[in-house]
Amino acid sequence: MRTQKQMIDKVLGFIEAVELPGLGIECDAKVDTGAATSRLHAERIEEFERQGEQWVRFHVLFNKQSARIDQTCEARLVEQRVITSSNGQSSKRYIIETDIQVGGLHFTTEVSLTHRGSMKYPMLIGRKAIKGRFIVDVSRG
């Protein structure tokens, strides 16, 4: 009998092509096993109510060699959560759930909305999206 570890045969590299079909976004994303939650660059985030549920509207404006995106998006708000970044600073972030296509798989995952304008890639894929689905080979880019 194969263990769960043996059953995972999908491999992600350091950088992966990602599609977020519900948001209308396609881009390259950095794979980061040090981050728990995936992150997406977002500006001008505003909350609103739709049919009794909290939603967010946000603008993904990213204009670098790695990705050129100018997309206004809407998604159901899962929650606001305090997240500590790699530099030790904590901030409250909006958390959404969205469909993602990466590494040959299509699934739903949580994504935090944050300003990534100073970063090379507009999205970061974290452990919660990776766990149980992929192994990571950082030598693949």
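Q: Accessible areas come from the Shrake-Rupley method with a 1.4 Å probe, and for residues only the protein chains shown count as cover; how much area does the protein chain expose, and what share of it do carbon and sulfur atoms supply?
A: The protein chain exposes about 8200 Å², of which carbon and sulfur atoms supply 44%. This is a predicted model, in which local features need pLDDT of at least 70 and side-chain atom pairs count only at pLDDT 80 or more, while totals for chains, interfaces and linings use all residues. Residues are numbered from 1 along each chain as its sequence is written, and side-chain values use heavy atoms, with hydrogens and water left out.

Q: What makes up the secondary structure of the protein chain, and in what order do the elements run?
A: There are 2 helices and 11 strands, where helices (H or I, at least four residues) and strands (E, at least two) are DSSP runs numbered from the N terminus. Read from the N terminus, the order is α-β-β-β-β-β-β-β-β-β-β-α-β.

Q: How do you know whether the protein chain is as compact as a globular protein of its length?
A: The globule rule (2.2 Å times the number of residues to the power 0.38, compared with a radius of gyration taken over C-alpha atoms) provides the reference. For 141 residues the rule gives 14 Å and the protein chain has 15 Å, which is close, so the protein chain is as compact as a globular protein of that length. Along its principal axes, the C-alpha trace spans about 50 × 35 × 30 Å.

Q: Why are S5 and S6 called paired, and what joins them in sequence?
A: Two strands pair if DSSP finds at least two bridges between them, and S5 and S6 have 6 bridges, in the antiparallel sense, so the criterion is met. One of the bridges sets Glu43 opposite His59 in S6. The two strands form a hairpin with 2 residues between them, and Gln51 in the turn has a positive phi of about 50°.

Q: How many bridges pair S6 with S7, and in which sense?
A: S6 and S7 pair over 10 bridges in the antiparallel sense, again as a hairpin with 2 residues between the strands; Lys64 has Ala67 in S7 as its bridge partner.

Q: Why is the contact between Arg57 and Glu46 called a salt bridge?
A: The term requires a side-chain nitrogen of Lys or Arg within 4 Å of a carboxyl oxygen of Asp or Glu, and the closest N and O atoms of Arg57 and Glu46 are 2.8 Å apart, so the pair qualifies. Arg57 lies in strand S6 (residues 53–64) and Glu46 in strand S5 (residues 43–50), so the salt bridge ties together parts that are 11 residues apart in sequence.

Q: Which distant parts of the chain does the salt bridge between Arg50 and Glu74 link?
A: The side chains of Arg50 and Glu74 meet at 2.6 Å, N to O, and this pair links strand S5 with strand S7 (residues 67–84) across 24 residues.

Q: What makes Arg81 buried or exposed, and how does its partner Glu79 compare with the cut-offs?
A: Buried means under 20% relative accessible area, exposed over 50%, and partly exposed in between. Arg81, at 19%, therefore counts as buried, whereas Glu79, at 32%, is partly exposed; the closest N and O atoms of their salt bridge are 2.5 Å apart. Elsewhere, salt bridges that share partners join Glu46, Arg50, Arg57 and Glu74 into one network.

Q: What qualifies Phe14 for a nonpolar surface patch, and where is Phe14 found?
A: Patch residues have over 30% relative accessible area and no salt bridge, with like charges joined within 9 Å and nonpolar side chains (Val, Leu, Ile, Met, Phe, Trp, Tyr) within 5 Å. Phe14 has 37% relative accessibility and counts as partly exposed, and together with Val136 and Val138 it makes a patch of about 260 Å². Phe14 is found in the loop between strand S1 (11–12) and strand S2 (15–20).

Conventions
Areas by Shrake-Rupley, 256 points an atom, 1.4 Å probe, with all protein chains shown as cover. Buried < 20%, exposed > 50% of the residue type's maximum accessible area, 1.4 Å probe, protein only.
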